[in-house]
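User: Please take a close look at one part of this model, the second of the two chains, and describe how it is built and how it relates to its partner. A connected account would be preferred to a list.

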Amino acid sequence: MKNIWAICKKEIKTYFTSPIAYAAITVFLVLVGFFFYSLILWFNSQSLQMARYPDYLQQININQMVFSPLFHNISIILLLMIPLLTMRLFSEEKKIKTDELLYTSPISINQIILGKYFASLFVLLVMLLLTGILSIFTFIYGNPELAPVLTGYLGLFLLGAAFTALGIFFSSLTENQIVSAILTFGALLLFWVLSWASSSAGGTFKDVLNYLSFFQHFDNMTKGILDTTDLVYYFSFITFGLFLTHSVIQTRRWR
Amino acid sequence: MIEVELLTKKFGDIEAIKNLSFKVEEGKIWGLLGPNAAGKTTTMRILTGYIPATEGKASIADYDVFEQPNAVKKITGYLPEVLPLYPEMTVYSFLNFVSEIKQIPSSQRKEAVDRAIKISGLESVRRRLIKNISRGFKQRVGIAQALIHDPQVLVLDEPTIGLDPAQIIEIRHLIKSLKGEHTILLSTHILAEVTQTCDGAVIINEGILMASGSLEDLTASFKKKEGVIIKLKNSGKDTQSLLHNIQGVDKVFREENEFKIEWSKGKDLRENITKFTVEKELGLIEMRPLGMNIEDLYLKIISGGVEQ
């Protein structure tokens, strides 16, 4: 545990002593802020229009009209940002040969992987928590339901955690950070759009594609549905990603 | 302290080292000597647990490198050939990080870092970013991280490479000062490194052990011939053959008025030669022993001139 913390602390420091974390967080917040602003404007104009039809006004729901689309927008930004956050994790160690220090120290490969993984999760958490400020405004000036917002955030965090696990795996494959980012981005996008292909597929194949796709599991959570299937999906995805990373590093050394 | 037995490492079809065996005694500085691509780095990486060997055994302080890697890593400090430094960290925070992953208890960490900084002479740069310090200081940070957990064994891969002559001398002093408390294995392709800092050497070439032992043993065992070089004032055309006629002389080589005279080991012809030159009035003005130093030995070994 101590060793994981040592690695994690060092990685967090690296994120925050270099411009990486600041650039990522700033761009992320600007984009999220923009989406939030336009969604609120749209929601406002819709509410004003609906005010004339009291029957329809019942159907106006800030959770569905602002938060759900906002979470989907954030998920797309994460899709673009996470590869940039994870690309250096192992690639850089290999490039500047600091991996030789890590692997000749009395710590296990798992501890190194987990330390790095948790550090990226920390940055993700900071990003998501900062967007929480926007939600606070909606709670002050409106009356959204809390539960769907919370499950939405949980969904975003788990989604980001799954992205990170995949990113860390690709980072262990190459010593080139750009290649690592491109591979991660491509793989994430592929997992995202698997559900599109499922519409034209049939039978079991359709179910498999749907299950594998990020989208389906995430969509439930933005609507306030917390299903163990989704949780199991994310946790197995993360475990699998980290396990692959471990295998890559282990076999590299044995070659 | 360090024992290597029939170690082999293959990268695909290429054998980086073949059946390598040697021993390093406790408290000594031993040099791993060989030309570039001889397998020095591979040997050291195996010893420090960075890569596994294909075959063979290696142990440090009776801990098997492959069976008990963590025990070995705890008592071994390693300076890789390419310094494993994070450029964005300060010297202090880097060493602090290393002290954490080397599992120094938190109560002793500060002390350990300060000690390493002191031994390696890094006081003046402790708060500076590693990317901003000179190559010589970086090398010192590399050594500091290797000895931060006060390891019994230090494995230093080319510790003086890329340094200027003054820095080389400093680092050599530093390494020598660590002798006794630490058993040191250092690799180099520069012979002077071995003759000036080491007690013994393991000479390898193309992954094969060519010779190993203390410096005295090494030079002695390869010195089959003894001899002198003499300088004569009145040498003539026939001097070479005249000298050859002295009883016991095997070979005489001539280079202007210098003559290299060789005889087989165990005899001493110096007196006879002096007498002879005086009798013949050859004008002996200089005589020096023909020592086969380790330099000749090394060159011979790596060019395949000596087989053991």
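Analyst: In this predicted model, the domain assignment divides chain B into domain 1, residues 2–220, and domain 2, residues 224–291. The C-alpha centres of domain 1 of chain B and domain 2 of chain B are 46 Å apart. Chain B contains eleven helices and 14 strands. Its radius of gyration is 25 Å, well over the 19 Å that the globule rule gives for 308 residues, so chain B is more spread out than a compact globule. Along the principal axes, the C-alpha atoms of chain B fill a box of roughly 80 × 45 × 30 Å. Of the 308 residues in chain B, 41% are buried. Among contacts in chain B with a separation of 6 or more, 68% involve residues 24 or more positions apart.

One sheet of chain B can be followed strand by strand. It is an open sheet of four strands in chain B, with the order 2-1-4-5 and antiparallel pairing. Strand 2 (14–24) and strand 5 (63–64) of chain B stand at the edges with a single partner strand each, so one side of each has no neighbour in the sheet. Within this sheet, strand 1 (residues 2–11) and strand 4 (residues 55–60) of chain B run antiparallel and are joined by five bridges. I2(B) has I60(B) in strand 4 of chain B as its bridge partner, and E3(B) is paired with S59(B) in strand 4 of chain B. On the way to the edge, strand 4 of chain B pairs with strand 5 of chain B over two bridges, again in the antiparallel sense. There I60(B) stands opposite Y63(B) in strand 5 of chain B. I60(B) is thus named in two pairings, one with I2(B) and one with Y63(B). Strand 4 and strand 5 of chain B form a hairpin with two residues between them, and A61(B) in the turn has a positive phi of about 50°.

Strand 7 of chain B (residues 153–157) has a parallel setting. Five of its five residues are buried, so strand 7 of chain B is largely enclosed by the rest of the structure. In a regular strand, side chains alternate between the two faces of the sheet. In strand 7 of chain B, V153(B), V155(B) and D157(B) point one way and L154(B) and L156(B) the other way, all of them buried. The buried set therefore includes the charged residue D157(B). Four bridges join strand 7 of chain B to strand 6 (residues 76–79) of chain B, and the two run parallel. L79(B) stands opposite L156(B) in strand 7 of chain B. Strand 7 of chain B also runs parallel to strand 8 (residues 183–188) of chain B, to which five bridges join it. The bridge partner of D157(B) in strand 8 of chain B is S187(B).

The nonpolar interior comes next. Nonpolar side chains tend to be buried together in soluble globular proteins. The largest nonpolar core here has 132 residues, and those that touch the most other members are A162(A), A165(A), F94(B), L95(B), A144(B), V202(B) and I203(B). Its largest share, 13 residues, comes from helix 8 (residues 146–173) of chain A. Apart from its neighbours within four places in sequence, A165(A) is in contact with Y117(A), F237(A), I238(A), G241(A) and L242(A). A second, separate core of eight residues includes V228(B), L243(B), I261(B) and I273(B).

The partner, chain A, has twelve helices and zero strands. The C-alpha trace of chain A spans about 70 × 50 × 30 Å along its principal axes. Buried residues account for 38% of the 255 residues in chain A. Among contacts in chain A between residues at least 6 apart in sequence, 77% join residues at least 24 apart.

Where the chains meet, 17 residues of chain A are in contact with 20 residues of chain B. On the side of chain A that touches chain B, helix 1 (2–17), helix 6 (99–103) and helix 12 (228–254) of chain A each supply at least two residues. Helix 1 of chain A gives the largest share, five residues. The residues on this side of chain A divide into six nonpolar, seven polar and four charged.

Technical notes:
Residues numbered from 1 in each chain as written. Chains lettered and ligands numbered in written order. Domains from an automatic or database assignment. Rg over C-alpha atoms; globule rule 2.2 N^0.38 Å. Buried ≥ 20, exposed ≤ 12 C-beta atoms within 10 Å, placed from the backbone. Contact = placed C-beta atoms within 7 Å. Core = buried A, V, L, I, M, F, W, Y, C linked by C-beta atoms within 7 Å. Pairing = 2+ DSSP bridges.
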